[in-house]
Amino acid sequence: MSSTVEDGLLESLNFRPSGNSAQYVLETRKVRFFAEASDRFGPNSRVIRFRLVDQGFWEAASSRIQFTLNNKDASNALVPISGPCGMFSRIRVFVAGIQVENLDYVGEICTLTDRLKSADRRQNDSVEHHLLTSGTGDAYMSIPAGGSRKVLFQLPCGTTMMEKWVPLALVSGGFVVELELNADTGAAFDTTNTPNWDITDVSMLTSIHTIDSSLANSYAKHILSGNSISYHTKSMVTTRHLITDSTFTIPVVRGFSRIAQVYLTLHKGSSASEKPILDFYSPVNNQNLNTTTDVATYQLTIGSRRWPERPSDSVGEQWLRLREAAGVMYGESEISITPTDFLNRKAVIAWDLEKVGHQGASHSGISTKNGDLMQIDVKNSGLGAAGDYCLVYIVYELLFSLRDGAVDVFD
């Protein structure tokens, strides 16, 4: 194999401005959208809806939900055990009146994705909401009796994390984000004292860009001529499955064009002290790690293919597979879960189904649209009592195309 090496101009001798200019972006506005219908939400008013309508281009990834969290208990502090996103049970996104995303078990999703961040990133993100006080743990700064705090958080939706800008003027009926508060008011808080709270001043902070009229008109002409603008991102579907025996099989019957990753968390619902949003059960159960306690195995099957080809049969391999799925195996980042926590109440099982997903390629996952059945086999989980269950999180490639007055959704 031959190769040719050519001389290049050193950066120290290159006096051209780095990168490309973007003079066609005329203005960037830091705007605030307010919730529809009401400005006070709580146990009796749980659905919060934002309708984004503007003449500019929306930078979805810049968005944050902000509200004032009021502790209505005059005697006891309100003690968070997660970020504000944990207060919600469901998020739906509509584009031109069509549902594009539907996330259930939002609190568990946010806890899972938060723990897959690096420790530094988790701590920095917590400055926007409750402030972590225990490094990589789950101890957050409390709100004093009768006090209030303004908090922000990023939505866990693929459509609100896209790098591509959205021309809101071309979205018929606007871009709608609907959030539903958890019916369990103690889901995201310590329940030593019954939490009593509501939220006010609810808004979405985001960036809107104004671009040159000739360029903006070219996008409008493209849409009005019957063409479409396509957006590619990732989303997640979460399903709950009861566990009635220590060894069990979970069938997943929904089909996807491309599945990227699958995550599994175990929950000891039979224990009243367990918090669904917080406690991801480990079969090692905080015991000394040895061949007597490390006996659980995990394997995912789609049709005739298996991941891995032999079941994962050790905590070490389970951690390896988790790092593969989270995209941190090669050292560019790291997961904030500590080793002892992984053996106790922060265990996550994962399978990476992308062939080259973390090396810059998209749509390299596995399709289940051809009727192949997906199933997860777990042995020696240590669960099986009444109330025990697991959550399966399926990360898939989401594509939606914006057309004149409508949108096409492909999952």
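1. Let's begin with Leu242, which is found in strand β11, a strand covering residues 229-242. Please keep in mind throughout that this is a predicted model. Is Leu242 buried or exposed? With a relative accessible area of 63%, Leu242 is exposed, because exposed here means over 50%. Once its neighbours within four places in sequence are left aside, Leu242 is in contact with Asp388 and Tyr389. If you would like a distance to check on screen, try Leu242 and Gly365: their C-alpha atoms are separated by 27 Å, and the two residues are 123 residues apart along the chain.

2. Ser89 makes a good contrast. Ser89 has its place in strand β5, residues 88-95. Its relative accessibility is 19%, and Ser89 therefore counts as buried, the cut-off being under 20%. Which residues does Ser89 touch, leaving aside its neighbours within four places in sequence? The contacts are Arg46, Leu103, Asp104, Tyr105, Val106, Glu180, Leu181 and Asn182.

3. The strand that holds Ser89 belongs to a sheet you may want to trace next. Four strands make up this open sheet, in the order β3-β9-β5-β6, and the pairing is antiparallel. At the edges are β3 (47-52) and β6 (98-104), each of which pairs on one side only. On average, neighbouring strands of this sheet are turned by 15 degrees against each other, direction ignored. Helix α1, residues 106-115, packs on the sheet and touches β5 and β6; the direction of α1 makes about 95 degrees with that of β5.

4. A closer look at the pairing inside that sheet is useful too. Strands of a sheet pair through backbone hydrogen bonds, either parallel or antiparallel. Between β5 and strand β9 (residues 175-181) the sense is antiparallel, and the pairing runs over seven bridges. To find the register, look for Val93, which stands opposite Val177 in β9.

5. There is another open sheet of four strands, with the order β12-β17-β14-β15 and antiparallel pairing. Its edge strands are β12 (248-252) and β15 (305-312), and each of these pairs on one side only. From one strand to the next, the twist averages 10 degrees. Helix α4, residues 315-326, packs on this sheet, where α4 touches β14 and β15. The direction of α4 makes about 145 degrees with that of β15.

6. Strand β14 deserves its own point. β14 (residues 297-302) pairs with strand β17 (residues 374-379) in the antiparallel sense over six bridges. Two pairs show the register: Thr297 stands opposite Lys379 in β17, and Ile302 stands opposite Met374 in β17. With β15, β14 pairs in the antiparallel sense over four bridges, and here Thr301 stands opposite Arg306 in β15. β14 and β15 form a hairpin with two residues between them. Gly303, in the turn, has a positive phi of about 60 degrees.

7. Why is β14 described as largely enclosed by the rest of the structure? Because six of the six residues of β14 are buried. In a regular strand the side chains alternate between the two faces of the sheet. For β14, both faces are covered: Thr297, Gln299 and Thr301 are buried on one side, and Tyr298, Leu300 and Ile302 are buried on the other.

8. Now for empty space. Rolling a probe the size of a water molecule over the atoms shows where empty space is left. How many cavities of 30 Å³ or more does a search of the whole structure find? The search finds two. The largest cavity holds about 110 Å³ of space. It is lined by 18 residues, and the closest to its centre are Ser282, Pro283, Tyr298, Gln318 and Ile349. The elements giving two or more residues to this lining are β13 (259-267) and α4, and β13 gives the most, with three residues. By class, the lining of the largest cavity has 13 nonpolar, four polar and one charged residues.

9. Finally, the second largest cavity holds about 30 Å³ of space. Its lining consists of Gly86, Met87, Asn182, Asp184, Thr185, Gly186, Ala187, Ala188, Phe189 and Trp197. By class, that lining has five nonpolar, four polar and one charged residues. You have already met one of these residues: Asn182 lines the second largest cavity, and Asn182 is also among the contacts of Ser89.

Notes
Residues are numbered from 1 along each chain as its sequence is written. This is a predicted model: local features need pLDDT of at least 70, side-chain atom pairs count only at pLDDT 80 or more; totals for chains, interfaces and linings use all residues. Side-chain values use heavy atoms; hydrogens and water are left out. Two strands pair if DSSP finds at least two bridges between them. Axes are lines fitted to C-alpha atoms, for helices over the stretch in contact, and angles run from 0 to 180 degrees between N-to-C directions. Contact means heavy atoms within 4.5 Å. On a 1 Å grid over the protein atoms alone, a cavity is a set of points where a 1.4 Å probe fits but cannot get out, and a pocket is an open set with protein on both sides within 12 Å along at least five of seven lines; lining residues have an atom within 4 Å of a point. Grid points are joined across faces, edges and corners, and a volume is the space filled by probe spheres set on the points. Ala, Val, Leu, Ile, Met, Phe, Trp, Tyr, Cys and Pro count as nonpolar, Asp, Glu, Lys and Arg as charged, and the others, Gly among them, as polar. Buried means under 20% relative accessible area, exposed over 50%, partly exposed in between (1.4 Å probe, protein chains only).
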